[in-house]
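Visitor: Please choose a single part of this model and take me through it closely, and then follow its surroundings outward, with the residues named as you go. I would like one connected account rather than a list.

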Amino acid sequence: MAKLLGAVFLWIAMLGTQSMAQTLNVGTITRAPFSYEKDASSQGFSIELWREIASTLQTDFEVTRFDTFSEMLASVERGAVDLAIANISITAAREQRMDFSHPIFESGLQVMTPSSETQGSSLWSVLLSQDLLLAILLAFGLLFGGGMLMWIFERRAQPYFDRTASEAMFPSFWWALNLVVNGGFEERVPRTFFGRIFGVLLVLSSLFIVSVFVARITAAMTIEAINHNVNTVNDLYGKRVGTLFGSTAAAYLDGRDLTYRGFDDLQSMTDAFEALELDAVIFDAPVLAYYAKHQGAGLADLTGPVFLRENYGIALPSGSPLIEPINQSLLQMREDGSYDALHTKWFGSLN
């Protein structure tokens, strides 16, 4: 009986060794700094981590790179790949469809907004707004019309207005502008009855015109500052928010009833962000941090703290015999310090 049990255990061990000896098909997706291609080879934190695990397991592997996250996870679910590794969040919904290794990285969500340099100066954006430009043109028209009306009243009463209509256009406009801004010229006080009445109306209306312009610019700048001020998730309501379809960020936004624009891949989302089609992007904090430091340097700012903490793991088909050896390898890496060294290389110290 003892010999029979020994033979059974030996057979099981041989099966495990054979399963490790085969070339594993590892699914991944481009998510710098976890997984990306450079010089025709796969690189990144997750890829290097898997190389360490594969070395421990003494197994070869080949990488299959998917275009979308959903395609990668679907391949794991149906067993088309032996495992998948990138920035794959461990969630209850995914755990029902596949197995996960021990956590390989602690992450969370964060908000990214265009930098202040990219947004431009609020003052310039206000001054160049269509509403304000139309108001300025209207004010110029009123000043010109008021000046020419004063020329009609005063052209025979004082030398300043004693000129032809074509010659009086700019002097009359200049007189009306000085009346509004400075209260007029003391030596050019209207001399006719209608001119004096009209001059009083212009002075009184100038107070209103100046007040309206100051209030308009102040209000517009305040609104502009509010629109670009995103400090927390609560500031995202009413903003143009972007994230990836099927991500944990999308699920979070759905739970908060936040309207967002979904993208199939990271590149299309960052392209829209760089084109200023989005006021904010919400996604995995380390992925956004890497983008803001490299591809989006000078274009993006990370706003607020990391929230909705989550763990990444290696995804495997349900019941995969690889999960236990992978977990043992991960534990060994944490104990011997090799995991800490790899983390420090890509993200800095864990402390």
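Guide: Two strands are taken as paired if DSSP finds at least two bridges between them, and with that rule in hand we can begin with a sheet, keeping in mind that the model is predicted. The sheet is open and has five strands in the order S9-S8-S10-S7-S11, with mixed pairing. Strand S9 (261–263) and strand S11 (300–312) are its edges, and each has a single partner strand, so one side of each is left without a neighbour in the sheet. On average, and with direction ignored, neighbouring strands of this sheet are turned by 25° against each other.

Within the sheet, strand S7 (residues 105–114) and strand S10 (residues 280–284) run antiparallel and are joined by four bridges; in one of the pairs, Val 111 has Ile 282 of S10 as its bridge partner. S7 also holds Thr 113, which counts as buried because its relative accessibility is 7%, under the 20% that sets the limit for that class. Leaving aside neighbours within four places in sequence, the contacts of Thr 113 are Val 230, Phe 273, Asp 279, Ala 280, Leu 299, Ala 300, Asp 301 and Thr 303.

Edge strand S11 contains Leu 308, a residue with a positive phi of about 50° although it is not a glycine. With 39% relative accessibility, Leu 308 counts as partly exposed.

Across this sheet lies the part I would like you to look at most closely, helix H12 (residues 285–293), which spans S7, S10 and S11 and runs at about 50° to S7. Seven of the nine residues of H12 are buried, so the helix is largely enclosed by the rest of the structure. Those buried residues are Ala 285, Pro 286, Val 287, Leu 288, Tyr 290, Tyr 291 and Ala 292. They pack against S7, S10 and S11, and also against strand S2 (36–38), helix H11 (266–274) and helix H14 (338–347).

From H12, one of these partners, H14, leads on to helix H2 (45–57), and the axes of H2 and H14 come within 10 Å and cross at roughly 160°. The two helices are therefore roughly antiparallel to each other, and their crossing is right-handed. On the H2 side the contact is made by Phe 45, Glu 48 and Leu 49, and on the H14 side by Tyr 339, Leu 342, His 343, Lys 345, Trp 346 and Phe 347. Sorted by class, this contact has six nonpolar, one polar and two charged residues.

H2 has a further helical neighbour in helix H13 (residues 323–336): the axes come within 10 Å and cross at roughly 110°. H2 and H13 are therefore roughly perpendicular to each other, and here too there is a right-handed crossing. Leu 49, Trp 50, Glu 52, Ile 53, Thr 56 and Leu 57 of H2 meet Pro 325, Ile 326, Ser 329, Leu 330 and Met 333 of H13. By class, the contact of H2 with H13 has eight nonpolar, two polar and one charged residues.

After H2, the loop that leads to strand S4 contains Gln 58, which has a positive phi of about 55° although it is not a glycine. Gln 58 counts as exposed because its relative accessibility is 71%.

That loop brings us to strand S4 (residues 61–66), which pairs with strand S1 (residues 24–29) in the parallel sense over six bridges; among the bridge partners are Asn 25 and Glu 62 of S4. S1 is also joined to strand S5 (residues 83–84) by two bridges, again running parallel, and there the partner of Val 26 is Leu 83 of S5.

In a regular strand the side chains alternate between the two faces of the sheet. In S1 both faces are covered, with Leu 24, Val 26 and Thr 28 buried on one side and Asn 25, Gly 27 and Ile 29 buried on the other, and S1 as a whole has six of its six residues buried. The loop between S1 and S2 holds Pro 33, which is joined to Ala 32 by a cis peptide bond with omega of about 10°. S2, where that loop ends, returns us to our starting helix, as it is among the elements that the buried residues of H12 pack against.

Notes
Residues numbered from 1 in each chain as written. Predicted model: local features only at pLDDT ≥ 70, side-chain atom pairs only at ≥ 80, totals over all residues. Heavy atoms only, no water. Axes fitted to C-alpha atoms, helices over the stretch in contact; angles between N-to-C directions. Contact = heavy atoms within 4.5 Å. Buried < 20%, exposed > 50% of the residue type's maximum accessible area, 1.4 Å probe, protein only. Parallel < 35°, antiparallel > 145°, perpendicular 65-115°, else oblique. Left-handed = near helix turned anticlockwise from the far one by under 90°. Nonpolar A, V, L, I, M, F, W, Y, C, P; charged D, E, K, R; others polar.
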